[in-house]
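This report covers the ligand surroundings, one sheet with its helices, and two backbone details. The sequence and structure come first.

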Amino acid sequence: MRAVIIGSGYVGSVTGAGLASRGHDVVCTDVDTQKIDSWNGDVIPISEPGLSELVLKHRGKNLAFTTDLAGALKSAEFVFVCVNTPQKESGVNKGSFDMRYFDGSARTIAQYAGDGVIVVEKSTVPLRTAEYLTRVLESNMGGKRFAVVSNPEFLAEGTAVEDFLFPDRILVGAKSEDEWARRKMAELYSWVPKERIVYSNIWSAELAKLANNLSLSSRLTAMNGLAELCEVTGADINEVSGVVGMDKRIGASFLRAGIGFGGSCFRKDVSALVYLMEHYFGPDNPYSKLYSSMLELNDYLRVRFVKSMNYHLHSFGGKTIVLLGLAFKPDTDDVRDAPAVTIAKYLLEDGAQLRIVDPKAVKHAKGVFAAAGLESRIVESRIELFEKPDDKVFDGSEGIALVTEWKEFKNIDFAGAAKRMCKPAWFFDGRNMFDHEKITSAGLNYYGVGKGVFYA
Ligand code: UDX
Ligand code: UDX
């Protein structure tokens with residue numbers, strides 16, 4: 001089957017390469033010429049386990065990358081809209097999604113797509129987006145047949161290829177009169193066991209995406225909210241969440257407390273729900289208050305972590321701190337809403353010198369700090385970037401803060417690092433990655449979120 005992808009970012013590229021690997025003919029498009037050049041070049045623009053292998057295997061065969069969307073649309077049976085829908089920072093619907101790219105895509109599809117096209121909402125969108133999309137297509141396609149389908153992505157970065165090829169479920173939301181489109185979607189996903197393909201009405205599908213991320217982020221918030229209580233009472237959040245996770249009704253995943261969630265989805269999707277609740281039920285209704293509080297708590301976790309560091313280091317001015325991690329989670333180069341960026345910003349504003357270590361994301365450091373409002377003078381003079389935690393990274397530093405739990409950090413020789421650091425030397429574990437005994441026995445004092453302080 002022939003599919004066109006609009007937007008070759010994190011979601012579009014995995015969707016395109018995944019469909020190609022299952023035998024479909026796929027054209028991935030993007031407005032960004034540089035990005036398309038790089039998809040056609042030796043080093044692909046996104047760091048995602050398994051993606052490069054799929055692209056190299058299928059590119060030039062049944063997978064193409066191009067900026068020519070109009071040309072690609074002419075023979076498309078499916079068009080997946082995977083453009084970014086960032087959070088809207090101002091205007092009448094502040095807090096909801098910025099739909100300008102999505103809406104632009106709708107118009108291009110209407111102009112160039114052929115008869116019988118299935119237009120797939122893959123990007124996360126506000127509820128009832130399919131209604132607008134349908135109207136734009138109806139008004140501009142001159143009677144050609146089409147269907148709009150909501151098929152939200154549940155791809156977590158770092159495991160996105162696996163999530164695509166072996167999904168928990170594929171959700172297909174369509175109107176009842178578009179049964180033909182549902183059948184074609186099932187054919188497109190023919191490698192997925194039938195019982196994992198779920199059909200729903202189109203509005204449920206749009207909402208299910210938001211509901212999924214609300215559920216994941218709220219269980220995280222529940223644990224993160226207890227972490228400070230653990231610190232003042234002597235409880236250990238890892239022990240607490242371990243017990244909670246053994247309850248079959250709850251399950252063990254997404255209970256790891258720390259410096260909170262980041263990434264391009266959770267904050268944006270919870271904010272969109274705040275917006276929706278206010279839109280339908282007025283300001284200050286209990287639902288939007290609850291969801292807003294989740295976001296406030298998540299922001300507070302980043303401040304609290306820096307405050308805890310400050311308590312032990314006393315001040316940051318002129319001191320060198322090693323930040324282990326920049327990406328919002330391991331196994332990705334993505335720095336969108338990364339806790340590391342906020343934490344680094346606070347430390348820099350208080351005069352610290354930073355050495356940031358990240359296996360994949362340091363290439364984005366300059367851009368992301370500029371976007372966070374840091375002067376380039378500060379970024380140039382007070383941040384050093386490293387891809388590996390070589391010994392020299394620790395020379396003369398006073399604290400190490402672990403903000404992204406890359407497995408590469410497991411093998412650090414902490415005893416060696418401690419010898420190179422100023423004393424007292426501190427390790428601040430923002431992800432509770434390490435057993436405190438391992439760190440204190442290496443000669444570093446240890447603070448873990450929700451665990452407390454242990455001296456060397
Ligand atoms: C996706 C979803 O689409 C978003 O709604 C979801 O919440 C998170 O995941 P993602 O793939 O992560 O977004 O975004 P990004 O990596 O920024 O990729 C979007 C791509 O679309 C970019 O490469 C951008 O250049 C491209 N684009 C944007 C177009 O091709 N056309 C446009 O009009 C706008
Ligand atoms: C999320 C959804 O999981 C995915 O289905 C899709 O809708 C896109 O959004 P993603 O944002 O890529 O995926 O990563 P995810 O694994 O969900 O992690 C989000 C954040 O939660 C990360 O910052 C991660 O560090 C944090 N997290 C996760 C924790 O703090 N503790 C945990 O136990 C799990």
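Sorted by class, the residues around ligand 1 comprise seven nonpolar, seven polar and six charged ones. The model is predicted. The shell of ligand 1 counts 20 residues, and D30, K35, T85, K268 and R336 are the closest. Two of these closest residues, K35 and R336, also appear in the polar contacts below. In K35, a side-chain N or O atom lies 2.6 Å from an oxygen atom of ligand 1. For R336, a side-chain N or O atom is 2.8 Å from a ligand 1 oxygen atom. S123 brings a polar side-chain atom to 3.1 Å from an oxygen atom of ligand 1. On its own, ligand 1 exposes 700 Å², and the protein buries 89% of that area.

Ligand 2 has its own shell, of 19 residues. The closest are E157, L220, R256, G262 and K329. By class, this shell holds eleven nonpolar, two polar and six charged residues. Which helix gives the most to the shell around ligand 2? It is α9, residues 202–233, with four residues. Backbone atoms take part in the polar contacts too. L255 places a backbone N or O atom 3.4 Å from an oxygen atom of ligand 2. G262 does so at 2.9 Å, again with a backbone N or O atom. K329 uses a polar side-chain atom, which lies 2.7 Å from an oxygen atom of ligand 2. Alone, ligand 2 has 660 Å² of accessible area, of which the protein covers 94%.

The table lists these contacts by residue.

| Residue | Protein atom | Ligand oxygen | Distance |
|---|---|---|---|
| K35 | side-chain N or O | ligand 1 | 2.6 Å |
| R336 | side-chain N or O | ligand 1 | 2.8 Å |
| S123 | polar side-chain atom | ligand 1 | 3.1 Å |
| K329 | polar side-chain atom | ligand 2 | 2.7 Å |
| G262 | backbone N or O | ligand 2 | 2.9 Å |
| L255 | backbone N or O | ligand 2 | 3.4 Å |

Now the sheet. Seven strands form an open sheet in the order β11-β10-β9-β12-β13-β14-β15, and the pairing is mixed. Its edges are β11 (383–386) and β15 (452–454), each of which pairs on one side only. On average, neighbouring strands are turned by 15° against each other, direction ignored. Within the sheet, β12 (residues 399–402) and β13 (residues 426–429) pair in the parallel sense, over four bridges. I400 stands opposite F427 of β13.

Helix α12, residues 286–313, packs on this sheet. It touches β9 (320–324), β12, β13, β14 (445–448) and β15. The direction of α12 makes about 165° with that of β13. Helix α13, residues 339–349, lies across β9, β10 (353–357) and β11. Against β9, α13 runs at about 175°. Strand β9 is thus listed with both helices, α12 and α13.

Two backbone details remain. Is the peptide bond from K423 to P424 cis or trans? It is cis, with omega near -5°. P424 sits in the loop between α16 (414–420) and β13. F254 has a phi near 55°, a positive value in a residue other than glycine. The loop that holds F254 runs between α10 (237–245) and α11 (266–281).

Terms used:
Residues numbered from 1 in each chain as written. Chains lettered and ligands numbered in written order. Predicted model: local features only at pLDDT ≥ 70, side-chain atom pairs only at ≥ 80, totals over all residues. Heavy atoms only, no water. Near = heavy atom within 4 Å. Polar contact = N/O pair within 3.5 Å; in protein donor to acceptor, adjacent residues only side chain to side chain. Areas by Shrake-Rupley, 256 points an atom, 1.4 Å probe, with all protein chains shown as cover. Nonpolar A, V, L, I, M, F, W, Y, C, P; charged D, E, K, R; others polar. Pairing = 2+ DSSP bridges. Helix = DSSP H or I, 4+ residues; strand = E, 2+ residues; numbered from the N terminus. Axes fitted to C-alpha atoms, helices over the stretch in contact; angles between N-to-C directions. Contact = heavy atoms within 4.5 Å.
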